[in-house]
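Please look over the chain shown here. The report below covers confidence, fold, cores, salt bridges and one loop residue.

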Amino acid sequence: MVRRKNSVIVFGACGYTNMGIFWGANEESAGDKTTVVGSSKKDLMGLPETVVNVFGYALYLAQTGSKHDQAKPLKGFGSAGILEIIEDWEGNTYRAVYTVRLAGCVFVLHVFQKKSKRGVATPGKDMDLIRERLKVAEHMARELES
């Protein structure tokens with residue numbers, strides 16, 4: 001179950017109760033926040049509930065300084081600074097890409113359903129969008145730090 005309370009998304013189900021994902025740079029809980037770039041929040045909330053719960057829990061863990069078992073470095077970025085979570089559900093593959101390396105925040109860069117049937121690689125169009133949103137996140141992080 002996903003409940004929305006003001007700007008806080010509370011995830012409950014699959015044993016994950018009372019876990020909050022704090023959205024936006026202006027939250028009162030400045031130490032534990034997630035900032036989304038572009039349409040990532042809307043895209044996340046449009047996914048099946050089971051997938052939202054997996055991604056939500058992974059983002060919660062990132063907020064607390066931990067890492068979900070399914071979080072892996074996204075290839076093509078040269079380090080473990082950009083992480084990807086892949087969830088297969090009912091024959092579809094969903095991905096969430098985020099970084100924790102900027103301003104002590106979790107920046108959600110892209111959430112999407114992989115539609116390409118060619119292998120497991122992230123499609124070029126999505127990689128371009130992730131690169132573009134990473135630049136935006138870096139700019140946002142500089143503003144947060146100043």
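## Confidence

pLDDT is the predictor's confidence in each residue, from 0 to 100. The model is predicted, and its chain averages a pLDDT of 77. A score of at least 70 is reached by 76% of the residues.

Confidence varies by element. Strand 6 has the highest mean pLDDT, at 94. Strand 2 (residues 8-11) has the lowest, at 34. Two stretches stay under 50. One is residues 1-20, where the model has 55 contacts beyond four places in sequence. The other is residues 22-32, with 25 such contacts.

## Overall architecture

Three helices and eight strands make up the elements of the chain. Read from the N terminus, their order is β-β-β-β-α-α-β-β-β-β-α.

The chain has 146 residues, and 45% of them count as buried. Its accessible surface comes to about 7900 Å². Carbon and sulfur atoms account for 50% of that surface. Take the contacts between residues at least 6 apart in sequence: 47% of them join residues at least 24 apart.

## Helix 2

Helix 2 covers residues 49-63. How does its span compare with the expected one? At 1.5 Å a residue, its 15 residues should span 21 Å, and the end C-alpha atoms are 21 Å apart, so the two agree.

Helix 2 is largely enclosed by the rest of the structure, because 11 of its 15 residues are buried. The buried set includes Val51, Val52, Val54, Phe55, Leu59 and Leu61. Asn53 and Gln63 are buried too, as are Gly56, Ala58 and Ala62. Just after the helix, Gly65 takes a positive phi of about 90 degrees.

## Nonpolar cores

The largest nonpolar core has 19 residues. Those that touch the most other members are Leu44, Leu47, Phe55, Leu59, Ile85, Tyr98 and Val111. Helix 1 (40-45), helix 2, strand 6, strand 7 and strand 8 (105-114) each supply at least two residues of this core. Helix 2 gives the largest share, seven residues.

Another core lies apart from this one. That second core has 15 residues, among them Phe107, Leu109, Ile130 and Ala137.

Which residues does Ile85 contact, leaving aside its neighbours within four places in sequence? They are Phe55, Ala58, Gln70, Ala71, Tyr94, Arg95, Ala96 and Tyr98. Two of these contacts, Phe55 and Ala58, are also on the buried list of helix 2.

## Salt bridges

How many salt bridges does the structure hold? There are three.

The side chains of Glu84 and Arg95 form one of them, at 3.1 Å from N to O. This pair links distant parts of the chain, 11 residues apart. Glu84 sits in strand 6 (residues 82-89), and Arg95 in strand 7 (residues 92-102). Both Glu84 and Arg95 are buried. Arg95 is also among the contacts of Ile85.

Arg101 and Glu138 meet in another bridge, at 3.5 Å from N to O. Their positions are 37 residues apart, with Arg101 in strand 7 and Glu138 in helix 3 (residues 124-145). Arg101 has a relative accessible area of 40%, so Arg101 counts as partly exposed. Glu138 is partly exposed as well, at 28%.

The remaining bridge joins the side chains of Arg131 and Asp128, at 3.8 Å from N to O. Arg131 and Asp128 lie three residues apart in helix 3, so about one helical turn separates them. Arg131 counts as partly exposed, because its relative accessibility is 36%.

## The loop at Glu90

Where does Glu90 lie? Glu90 is in the loop between strand 6 and strand 7, the strands that carry Glu84 and Arg95.

Most residues other than glycine have a negative phi. Glu90 has a positive phi, near 50 degrees. Is Glu90 buried or exposed? Exposed means over 50% relative accessible area. Glu90 has 64%, so Glu90 is exposed.

Key. Residues are numbered from 1 along each chain as its sequence is written. This is a predicted model: local features need pLDDT of at least 70, side-chain atom pairs count only at pLDDT 80 or more; totals for chains, interfaces and linings use all residues. Side-chain values use heavy atoms; hydrogens and water are left out. A salt bridge is a side-chain nitrogen of Lys or Arg within 4 Å of a carboxyl oxygen of Asp or Glu. Helices (H or I, at least four residues) and strands (E, at least two) are DSSP runs, numbered from the N terminus. Buried means under 20% relative accessible area, exposed over 50%, partly exposed in between (1.4 Å probe, protein chains only). The expected span of a helix is 1.5 Å times one less than its number of residues. Contact means heavy atoms within 4.5 Å. Accessible areas come from the Shrake-Rupley method with a 1.4 Å probe; for residues, only the protein chains shown count as cover. A nonpolar core is a set of buried Ala, Val, Leu, Ile, Met, Phe, Trp, Tyr and Cys residues joined through side-chain atoms within 4.5 Å.
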